[in-house]
Every structure is written in structure tokens, then in C-alpha cells.
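Please look at the sequence and the model below with an eye to open pockets, enclosed cavities, the packing of helices and the pairing of aromatic rings. The paragraphs that follow take these topics in turn.

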Amino acid sequence: HRAISINASKCFPVDLPQDAITNTNCCPPLPSPYKFKDFKDYAPSNSPLRVRKPFHLIDEELIAKFEKGIALMKALPKDDPRSFYQQSKIHCAYCNGAYHQQYPFENLKIDIHRSWLFFPFHRMYLYFFERILGNLIGDLNFAIPFWSWDSIEGMQIPKHFTRLNSSLYHKLRDKNHMPPHVVDLNYKLKENYVSPNKQISFNLATMYRQMVLASTKELFMGSPLRLGDESHPGIGSVESAPHNTMHSWVGASETPNREDMGTFYTAARDPLFYPHHSNLDRMWVMWKNLGEGRKDYSDDLDWLESTFFFYDENANLVRVKIRDSIDTIKLGYVYEDVNMPWLNFKP
Ligand code: C2O
């Protein structure tokens with residue numbers, strides 16, 4: 001087989017973009033002595049399913065929990081792998097080349113973007129983030145809300161992220177894109193000077209194209225990345241837009257790489273990263289439900305056996321295989337049904 005299996009104990013300095021505004025070592029702390037658990041050995045949880053909901057359908061009580069959880073993660077010591085700081089570095093490590101492929105391809109650096117690793121990596125990253133957050137607030141039913149930029153009510157930055165004294169607030173964002181400014185799901189780093197209604201219909205057309213027209217796994221999920229392959233074999237439709245486009249649209253316009261959201265080494269420092277990815281993960285679920293024949297790579301052992309490492313709520317290092325990520329019910333969560341105004345929006 002040619003599945004990529006990461007060795008968490010071998011973490012290298014990352015490649016940063018030109019003019020990076022901070023110099024980061026993205027390697028998370030390692031347990032000493034080095035050891036890890038396998039995700040498949042965790043007892044399945046028998047608690048009720050967690051339901052992830054969009055910001056426009058949740059009450060202030062849930063927002064308060066989310067804020068408190070993020071505040072507690074930010075307050076953990078910086079070397080605690082559950083801290084907000086270390087969690088954000090995990091993303092950097094998997095994007096900017098901290099891990100390399102295994103023998104005999106140790107010279108090849110791994111980036112989980114622009115390939116079939118994109119959806120499963122981010123699903124499991126969020127899964128552990130959610131567990132850590134739920135554990136810190138003492139509510140194991142906590143579910144990360146999603147930023148539903150594909151529904152009309154969700155086409156702006158949720159207002160909860162812009163309150164100055166909230167743990168969800170983040171300074172490095174584009175000041176011209178604060179709510180109620182309507183998002184541009186196909187953002188090309190230039191403003192679209194159109195009316196909000198016009199922008200909404202552009203957005204729905206983008207969603208239709210990326211979700212409905214991308215009918216094969218190669219188009220939707222991205223191309224296979226196997227042992228010995230160079231990173232970035234081919235990007236999936238939704239990863240390219242709205243994923244990449246929303247990252248750039250949120251990041252600050254005055255920093256060299258639209259830090260923080262607009263570039264991978266810093267993106268996960270903005271709390272909005274997690275609801276953004278909650279919605280992307282929801283896209284994977286919805287895409288599979290759009291029709292017969294929309295299968296992911298579940299028949300390909302190289303995909304199923306690819307591995308990643310995360311930390312659980314007790315700061316244990318855990319090895320996850322993509323096969324563990326395929327079913328959200330097994331992971332204990334579902335998405336609230338929200339209507340899909342783009343579903344029949346043929347451009
Ligand atoms: Cu790993 Cu939204 O990026």
C-alpha cells in the first residue's frame with residue numbers, strides 16, 4: 001500500500017511565506033516518553049448526538065458557552081497541547097511542512113491541503129478541538145456552531161465575533177468586511193461593488209457550481225495523495241471556493257499574507273476558523289447526500305489508512321486514521337438541517 005503515515009515524533013521547522021509577520025515553530029509539544037493511543041481503541045461514546053447549529057439559529061446561552069470555552073483554551077499554559085495556542089499550531093504544522101512522508105520518501109513534505117486529505121484532516125482536527133472545549137466547560141454535549149455562509153442569513157461574519165470584549169473577537173481581520181457586509185464566496189482579492197442582493201445571487205450560483213456540479217469524488221474532494229507523491233495533486237471544488245476564498249476574505253488586508261485567516265500558518269489563530277471549518281465539514285456531509293454515486297474514497301485503502309495525530313481532552317496524543325473519520329454519527333455529532341437555497345440555483 002501507499003498510504004501516508006505521519007510520524008508525530010519527527011517534526012521539522014515549517015516553511016513560512018515571504019514576509020511572515022511572526023516567526024513560528026509549529027511543532028506541538030511531545031509526550032515524554034513518546035507514546036500515543038490509537039483512536040480505534042477509544043470506547044464508543046453512548047452520550048446523545050451533539051448537534052452542530054448555525055449562528056442564526058442559536059441562542060446567547062450557547063454563544064456564551066462557546067466564548068467561555070475559547071477563553072479557557074486561551075488561558076491554558078502555552079505549552080499545554082490543549083491550549084488555543086497549541087491547537088492553532090497543529091494546523092500550521094500540517095500545512096506548512098512540519099511533517100514529512102515516511103521511508104523512503106522522507107524528503108517529501110506533507111501539506112494536507114489541495115488533496116483528498118483536506119476533508120478528513122479538518123474533520124478530525126475539529127473533532128478533538130470540540131472535545132477539548134466541551135471538557136473545559138464541563139459540557140460534553142457542546143457542539144461547535146457552524147458559520148453557514150451558504151445560507152442567506154449566514155452570508156456575513158456572525159456578529160458575535162466582532163464584539164470587542166469577546167474571546168471570539170480577533171483583531172487581524174479585514175475592516176471593510178465587518179457585518180453586515182455580505183460575503184463574496186468567490187472572492188478574488190478585489191472588492192465586488194454590487195448590491196447585497198446581487199452578491200447573494202452570485203454566492204448562491206457559486207455554491208451550486210461547487211456543490212452540485214462537482215459530482216465526482218475527484219472534483220469535490222480533491223485528488224489522491226499517496227506515499228511518494230508530491231503535495232497538492234489537485235484541489236477539490238469547495239476547498240478552492242468558498243474555503244480558500246473565505247479565508248482570504250476574512251484576513252486583514254494590510255498584512256502581507258492577509259494574516260491571520262488568509263494564510264495557513266496563522267489561520268487557526270482566529271476563533272472564526274473553527275466555525276468556518278464546521279461549515280466545510282457540513283459540506284462534505286451534504287455533498288454525499290446530494291445523490292447516488294456521490295461516494296468519497298472509501299474504497300481506497302491508501303486513503304483509509306492515511307494517519308494524523310491530535311491531542312484529546314486529557315492531553316493524550318492520539319493517532320487517527322482516515323477510516324475513523326468517515327461517519328459523523330460514529331464520531332457522535334450531526335448537523336442541524338438548514339435549508340440550502342443554492343440547491344436549485346442554476347446559474
Ligand atoms: Cu487547513 Cu481552512 O484550512
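The second largest pocket is lined by 19 residues, and those nearest its centre are R282, V285, M286, N289 and Y335. This is a predicted model, in which local features need pLDDT of at least 70 and side-chain atom pairs count only at pLDDT 80 or more, while totals for chains, interfaces and linings use all residues. Residues are numbered from 1 along each chain as its sequence is written, and side-chain values use heavy atoms, with hydrogens and water left out. The volume of the second largest pocket is about 360 Å³, a volume being the space filled by probe spheres set on grid points that are joined across faces, edges and corners. On a 1 Å grid over the protein atoms alone, a pocket is an open set of points with protein on both sides within 12 Å along at least five of seven lines, a cavity is a set where a 1.4 Å probe fits but cannot get out, and lining residues have an atom within 4 Å of a point.

Helix α8 (273–288) and strand β5 (333–335) each supply at least two residues of this lining, and α8 gives the most, with five residues; helices (H or I, at least four residues) and strands (E, at least two) are DSSP runs numbered from the N terminus. By class, the lining of the second largest pocket has eleven nonpolar, two polar and six charged residues, where Ala, Val, Leu, Ile, Met, Phe, Trp, Tyr, Cys and Pro count as nonpolar, Asp, Glu, Lys and Arg as charged, and the others, Gly among them, as polar.

The largest pocket has a volume of about 610 Å³, and of the 25 residues that line it, S45, Y127, R131, K330 and L331 are the closest to its centre. Here α3 gives the most to the lining, with four residues, and the classes are twelve nonpolar, four polar and nine charged.

Turning to enclosed space, a search of the whole structure finds two cavities of 30 Å³ or more. The largest cavity, of about 40 Å³, is lined by ten nonpolar residues, with no polar and no charged ones; β3 provides the largest share of that lining, three residues. The second largest cavity holds about 30 Å³ of space and is lined by F118, F119, H122, R123, H277, L280 and D281, which divide into three nonpolar, two polar and two charged. To this lining α3 gives the most, with four residues.

Helix α3 (residues 118–136) also packs with helix α1 (residues 60–75), at an angle of about 95° and with the axes 9 Å apart; axes are lines fitted to C-alpha atoms, for helices over the stretch in contact, and angles run from 0 to 180 degrees between N-to-C directions. That makes α1 roughly perpendicular to α3, a term that covers 65 to 115 degrees. In contact (heavy atoms within 4.5 Å), K65, F66, G69, I70, L72 and M73 of α1 meet F129, I132, L133 and L136 of α3.

Among the aromatic side chains, a search of the whole structure finds 34 pairs, counted where the ring centres of Phe, Tyr and Trp (its six-membered ring) lie within 6.5 Å. The ring centres of F66 and F161 are 6.4 Å apart and their planes lie at 65°, so the pair is edge-to-face, the class for planes over 60 degrees apart. This pair links distant parts of the chain, since F66 is in helix α1 and F161 in the loop between α3 and α4 (196–213), 95 residues apart.

Terms used. Parallel < 35°, antiparallel > 145°, perpendicular 65-115°, else oblique. Phe/Tyr/Trp six-rings, centres within 6.5 Å; stacked < 30°, edge-to-face > 60°.
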